[in-house]
Amino acid sequence: MKVSPLTCTIGAELEHVSLADAARDDGLFTEIRTLLLKHRVLFLRDQDITRADHVAFARRFGALEDHPVATSDPDHPGLVRIYKDLNSPPEHYENAYHCDTTFREAPPMGCVLRCVETPAVGGDTIWVNMVEAYRRLPEPIQRQIANLRARHSIEATFGAAMPMEKRQALAARYPDAEHPVVRTHPETGEKVLFVNAFTTHFVNFHTPDNVRFGQDFAPGASHLLSYLISQAQIPEYQVRFRWKKNSVAIWDNRCTQHYAVQDYWPAVRRMERATIVGDRPR
């Protein structure tokens, strides 16, 4: 297996390896998992594998989960179909910097995404190293956010475009989750900046250390949250990947964010994603 880093901070391409083989070979899978912890997102080309192989490889990391809104393949539970064509409703959930489903109490550990069909031009995806984003924050900001916690919401994102009854039912099924603003990666021990497009507000900002007047709390807390969320937009923390048919990306959802660029309409883009159950952020 050949390993080629793509940037100085995130991403590597693997060559001369099949994920179908890795699904059955303990040693090969262990090597890929170790590389994932190092590079945070891995890319492979020419993975002409079956959906069963796709699911089998992803399950080596752990149990798979369905998405509460996106459609899953009926024959392969846990394999979500992200198909965009001329009949797709106009929505903008993917083209925002986000960490998948942080509205869950236990967001995913990671994902394995395979390209089924892609435009000739456009439709790239960007990944961001949120360990680096935290590490390079000014020290006063690191101290200020060390013990902050924030709310993450599906109602304010996927639910926002729904009729009120459906939105409220979605919120009742998936209540807002509360997570630390800085989480610790459970395997590497690294500190991770853990706010993104699903984050709505801090829940414990209004303390004497932070607030002298109401102006400090609102809009002061909102300005700080916006500043933290904006860190994902810094190119030095990013890698951008151009898809081809049968390309695969494997990413660690605990320490990255991603942005699916929707610049390809009216072309068609079809992706299939297996999402691995994660742990509660701490």
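The questions and answers below introduce the sheet and the cores of a predicted model.

In this predicted model local features need pLDDT of at least 70 and side-chain atom pairs count only at pLDDT 80 or more, while totals for chains, interfaces and linings use all residues. Residues are numbered from 1 along each chain as its sequence is written, and side-chain values use heavy atoms, with hydrogens and water left out.

User: Which strands stand at the edges of the open sheet, each with a single partner strand?
Analyst: Strands are DSSP runs of E with at least two residues, and helices are runs of H or I with at least four, numbered from the N terminus. Two strands pair if DSSP finds at least two bridges between them, and eight strands form the open sheet in the order β1-β2-β3-β14-β6-β16-β5-β4, with mixed pairing. One side of each edge strand is left without a neighbour in the sheet, because each has a single partner, and these strands are β1 (2-5) and β4 (71-72).

User: Which residue in β16 is the bridge partner of Val80?
Analyst: Strand β5 (residues 79-84) pairs with strand β16 (residues 269-276) in the antiparallel sense over six bridges. In β16, the partner of Val80 is Arg273.

User: How many residues does the largest nonpolar core have?
Analyst: A nonpolar core is a set of buried (under 20% relative accessible area, 1.4 Å probe, protein chains only) Ala, Val, Leu, Ile, Met, Phe, Trp, Tyr and Cys residues joined through side-chain atoms within 4.5 Å. Those with the most contacts (heavy atoms within 4.5 Å) inside the largest core include Ile145, Phe202 and Leu228. The number of residues in this core is 28.

How values were computed: Buried < 20%, exposed > 50% of the residue type's maximum accessible area, 1.4 Å probe, protein only.
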